[in-house]
Amino acid sequence: MQQNMRYLPILLSTLGWRWLGFRALYAARQRAGLLRFRMPVKKWQDCPLKQYLKDPTLADPSVYLDYRSKNSPPFFFAPSERTPYQLQFAQWDAEFPSPVSYADSIIQGKFKYFEHGLVDAGFPLDWHRNAFTGQVAPRDLHWSEISDFEYGDIKLIWEPSRFGFVYDLVRAYWRTGDEKYAQAFWRLVEDWGENNPPNCGVNWKCGQEISFRVMAWCFGLYGFGRAAATHAGRVVALAEMIAVSAERIEGNIGYALNQRNNHGISEALGLWTVGVLFPELRKAVRWREKGRRFLEEQARSLIYEDGSFSQHSLNYHRLMLHDYLWALRLGDLNGQSLSDELKDRVQLAGEFLYQLQDEETGQVPCYGQNDGALILPLNNCHCRDFRPVIGAVHYYFSGERLFEHGPWDEDLLWLFGPDALSASVKEKPRQDLKATEGGYYTCAAKPDLPW
């Protein structure tokens with residue numbers, strides 16, 4: 001205790017009384033069991049979709065599937081568009097690894113961790129096991145009772161539960177039409193649900209992880225929308241899991257916002273996503289508007305006027321851009337656009353990253369924390385190639401492509417549709433960078449807007 005107290009002046013000077021007071025109160029509530037009381041462990045049968053719907057009659061599986069088929073809010077793509085998209089993929093798969101090979105590995109139980117080598121974790125895998133150390137986190141405890149540090153790096157347990165592999169399963173399915181990829185998606189969703197009842201276990205511990213999982217589930221729901229494996233019972237069960245996830249995110253989002261980093265943005269995005277894509281839920285408007293408010297506040301607070309980001313990491317800068325790109329595009333498609341002020345900040349953040357990017361490789365300096373996180377793996381590029389996100393942000397604001405044709409264009413296809421691939425390429429000048437007093441780099445002149 002005495003040793004920890006010596007850090008108190010540092011914490012106070014850098015983070016302030018407000019932050020420290022919140023953390024102390026949060027720790028006290030956690031020890032007292034108040035988090036467990038407010039967000040109790042439940043069984044899935046205690047959380048039927050019916051209780052989350054505005055119209056309970058929609059809870060019948062066949063009725064709900066019919067409703068979603070006819071009334072699904074616009075997503076980045078529609079399930080009916082697979083054939084025209086399929087014509088585009090060959091241009092990227094001839095010279096670069098196709099997602100089909102990785103999707104086949106998933107079915108064999110081999111998963112990528114943080115965009116690195118494959119790990120033989122099994123199919124279905126053990127969602128509570130650290131695949132690198134063999135340690136297993138408790139399956140029957142409330143998430144607030146599970147330590148961050150007793151089972152190795154907790155991110156190694158969380159990583160598969162982000163469901164980042166869904167993007168490659170969808171990409172493989174849209175290339176081939178092979179039902180095994182849709183079946184793998186639904187089998188893994190079902191197994192995760194069976195082994196992770198609401199608020200029970202390590203995979204409910206972090207709201208950001210839950211948000212990434214919800215994003216991937218939504219991508220899979222639309223991506224496999226016309227697959228034979230997508231039957232009514234599965235769609236109802238997934239909608240129920242998404243509703244419960246939004247409830248959990250909302251219940252503890254204050255902790256994420258207090259961190260003043262990607263966590264607050266990502267959890268706001270989770271609420272925004274569920275609120276926009278599932279308007280049939282009773283709390284949809286509340287979740288959407290809470291998500292909107294926090295997305296706006298976090299952009300003002302965490303993205304600086306020169307486009308740099310408070311979390312001094314270029315890898316997490318990319319994660320932030322992916323969060324906001326998802327939020328902006330989803331909002332525009334559904335008549336729920338975010339503010340011009342937010343858009344200006346995101347545009348500057350994209351510009352900041354572009355100015356640091358190597359023109360030949362798309363790489364940026366390995367600056368700050370870098371765990372390899374990549375929440376929208378939508379292309380055949382190496383994870384260190386930042387052209388996909390930079391090009392997508394540029395296209396969002398300008399309607400023009402930033403780079404000549406290459407595998408980075410697949411992001412444009414998924415997020416904006418085939419027309420984006422035929423957009424003209426406009427050369428963008430590189431700007432000299434200068435060091436600021438704080439040691440960070442900023443553009444020598446504010447870029448003209450729009451790009």
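This is a tour of one structure, stop by stop, with what to select at each.

The model is predicted, so local features need pLDDT of at least 70 and side-chain atom pairs count only at pLDDT 80 or more, while totals for chains, interfaces and linings use all residues. Residues are numbered from 1 along each chain as its sequence is written, and side-chain values use heavy atoms, with hydrogens and water left out.

**Stop 1: helix α19**

Select residues 409-416, which form helix α19. Helices (H or I, at least four residues) and strands (E, at least two) are DSSP runs, numbered from the N terminus. In α19, 8 of 8 residues are buried (under 20% relative accessible area, with exposed over 50% and partly exposed in between; 1.4 Å probe, protein chains only). Among them are Trp414 and Phe416. Now add α5 (82-86), α6 (90-93), α9 (166-176), α11 (207-223), α16 (314-333) and α18 (387-398): the buried residues of α19 pack against these helices. Glycine 417 follows α19 and has a positive phi, near 95 degrees.

**Stop 2: the second largest cavity**

Keep α19 and select Pro388, Gly391, Ala392, Arg401, Leu402, Phe403, Trp408, Asp409, Asp411 and Leu412, which line the second largest cavity. Helices α18 and α19 are the elements that give two or more residues to this lining. On a 1 Å grid over the protein atoms alone, a cavity is a set of points where a 1.4 Å probe fits but cannot get out, a pocket is an open set with protein on both sides within 12 Å along at least five of seven lines, and lining residues have an atom within 4 Å of a point. The volume here is about 60 Å³; grid points are joined across faces, edges and corners, and a volume is the space filled by probe spheres set on the points.

**Stop 3: the largest cavity**

Select Glu115, Glu159, Gly164, Phe165 and Leu374, the closest to the centre of the largest cavity among its 21 lining residues. The space inside is about 230 Å³. Helix α11 supplies the largest share of the lining, 3 residues.

**Stop 4: two ring pairs**

Stay with phenylalanine 165 and add phenylalanine 111: the ring centres are 5.3 Å apart and the planes at 70 degrees, so the pair is edge-to-face. Rings of Phe, Tyr and Trp (its six-membered ring) pair if their centres lie within 6.5 Å; planes under 30 degrees apart count as stacked, over 60 as edge-to-face and the rest as tilted. Phenylalanine 111 is in strand β1 and phenylalanine 165 in the loop between α8 and α9, 54 residues apart.

Next, select tryptophan 127 and phenylalanine 163, whose ring centres are 5.3 Å apart with planes at 10 degrees, so this pair is stacked. Tryptophan 127 is buried at 1% relative accessibility, and phenylalanine 163 at 0%.

**Stop 5: the largest pocket**

Select Asp148, Trp158, Tyr255, Gln259 and His263, which lie nearest the centre of the largest pocket, out of 37 lining residues. The pocket holds about 850 Å³ of space. Helix α2 (8-31) gives the most to the lining, with 5 residues.

**Stop 6: serine 211**

Finish on serine 211 in helix α11, buried at 0% relative accessibility. Beyond its neighbours within four places in sequence, serine 211 is in contact with Ile249, Ser266, Glu267 and Gly270 (heavy atoms within 4.5 Å).
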